[in-house]
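Hi,

Here is the structure I promised to pass on to you. Have a look at it first, and then read my notes underneath.

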Amino acid sequence: MKVRSGYLSGLLFGLGLAISGMTDPARVIGFLDVAGAWDPTLIFVLGGAVITTFIGYRLVWRRQMPLFESRFQLPTRRDLDTRLLSGAALFGIGWGLSGYCPGPAAASLPEPSWPLAAFIMTLLMGWWLARRLSPAH
Amino acid sequence: METMSWLQGALGGILIGLAASLLMGLLGRIAGISGILSGLLFERGGNRSWRLAFLLGIVSGPGLLILTGLDWGNVSGDSGAVVGVPESGPAIMLMAGLLVGLGTGLGSGCTSGHGVCGLARLSPRSMAATLVFVLAAMLTVFVSRHVLGGSA
């Protein structure tokens, strides 16, 4: 059931990314380009997703535990640190340069291209490097 | 039509929110793509199978739309497409991929983990991270498009 749960959630996520237009880097860059012909679509995507998740989480958390696991695994830290903020800044620069974040990059795989392959190759290297640099691992 | 694009954006966003709520309700997990995929590659243990299934799900969502010929995509300027063409060449994409990987790895999340799930949890760390990566991305686009004048 865990595998089916993972697949179903991923499927809805992938459909959401495609239907919202987040699999189009031009749309993402159009949102980030506030000084150009601004495209507000991403606001609607994020707004729809955050509001739905806000309500969904609160409904789901009424139960003691998730259906197929023994506990909810939620981050507990609330403090800000340099690693978090510098990581977010680096991510933002890469996102702005390409118009891709990890979800849309994966969801674009059904129509692969060389630039996308290049992005995914170094994305994986970056994840590996970040784990090497993290004291927790 | 612009209004249609915004409606599709909201509808897709709602689907993403349902996906996140479902993963929390069924497996008790945050639907953060960078955490799920980097965990799939670099962590041992019992989480690999559901993470792999999640990745297959993400890819098969758009894949099914393409296979069935449903033009439900929202690619700007191409109403029949589901997946847009990259804007940048391989050199920029190599650099961007490294920054996105390193940044989401160090910052413990991307647009989904911080931007969607974290904001919905009202997490101060995710709010700060989202603000920083959106502003950094806007600044990057401003510099590359309007200061350096490239078409990237």
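Below is what I found, starting with one chain and moving on to how the two chains meet.

One thing to keep in mind as you read: this is a predicted model.

Let's begin with chain A. It has six helices and zero strands, so to speak a run of α-α-α-α-α-α when you read along the sequence. Along its principal axes, the C-alpha trace of chain A spans about 45 × 35 × 30 Å. Chain A has 137 residues, and 54% of them count as buried. If you take the contacts in chain A with a separation of 6 or more, 43% come from residues 24 or more positions apart.

Now for how the chains touch. How many residues does each chain bring to the contact? Chain B puts in 106 residues and chain A puts in 107 residues. On the chain B side, the elements giving two or more residues are α1, α2, α3, α4 (90–106), α5 (111–120) and α6 (124–147). The biggest giver there is α1(B), with 22 residues. Sorted by type, the residues on that side of chain B come out as 64 nonpolar, 36 polar and six charged.

My favourite piece is helix α3 of chain B, so have a look at residues 48–68. This helix has 21 residues and reaches 29 Å from its first C-alpha to its last, close to the 30 Å expected at 1.5 Å a residue. Where is the kink in α3(B)? You'll find it at B:Ser60, shortly before the proline B:Pro62, and the angle is about 30°. Just after the helix ends comes B:Gly69, with a positive phi near 75°.

Quite a few residues of α3(B) are buried, among them B:Trp50, B:Arg51, B:Phe54, B:Ile58 and B:Leu65. B:Pro62, the proline that follows the kink, is also on the buried list. What do the buried residues of α3(B) pack against? In chain A, they meet α1 (2–20) and α5 (102–107). In chain B, their partners are α1 (2–27) and α2 (33–42).

One of those partners deserves a second look. The axes of α1(A) and α3(B) come within 6 Å and cross at roughly 35°, and the crossing is right-handed. The residues of this contact divide into 17 nonpolar, nine polar and two charged.

Try finding the kink at B:Ser60 yourself, then follow α3(B) across to α1(A).

Cheers

How values were computed. Residues are numbered from 1 along each chain as its sequence is written. Chains are lettered from A and ligands numbered from 1 in the order in which they are written. This is a predicted model: local features need pLDDT of at least 70, side-chain atom pairs count only at pLDDT 80 or more; totals for chains, interfaces and linings use all residues. Helices (H or I, at least four residues) and strands (E, at least two) are DSSP runs, numbered from the N terminus. The expected span of a helix is 1.5 Å times one less than its number of residues. The bend at a residue is the angle between axes fitted to the seven residues ending there and the seven starting there. A residue is buried if 20 or more other C-beta atoms lie within 10 Å of its own, exposed if 12 or fewer, and partly exposed in between; C-beta atoms are placed from the backbone. Two residues are in contact if their C-beta atoms, placed from the backbone, lie within 7 Å. Ala, Val, Leu, Ile, Met, Phe, Trp, Tyr, Cys and Pro count as nonpolar, Asp, Glu, Lys and Arg as charged, and the others, Gly among them, as polar. Axes are lines fitted to C-alpha atoms, for helices over the stretch in contact, and angles run from 0 to 180 degrees between N-to-C directions. A crossing is left-handed if the near helix is turned anticlockwise from the far one by less than a right angle, and right-handed if clockwise.
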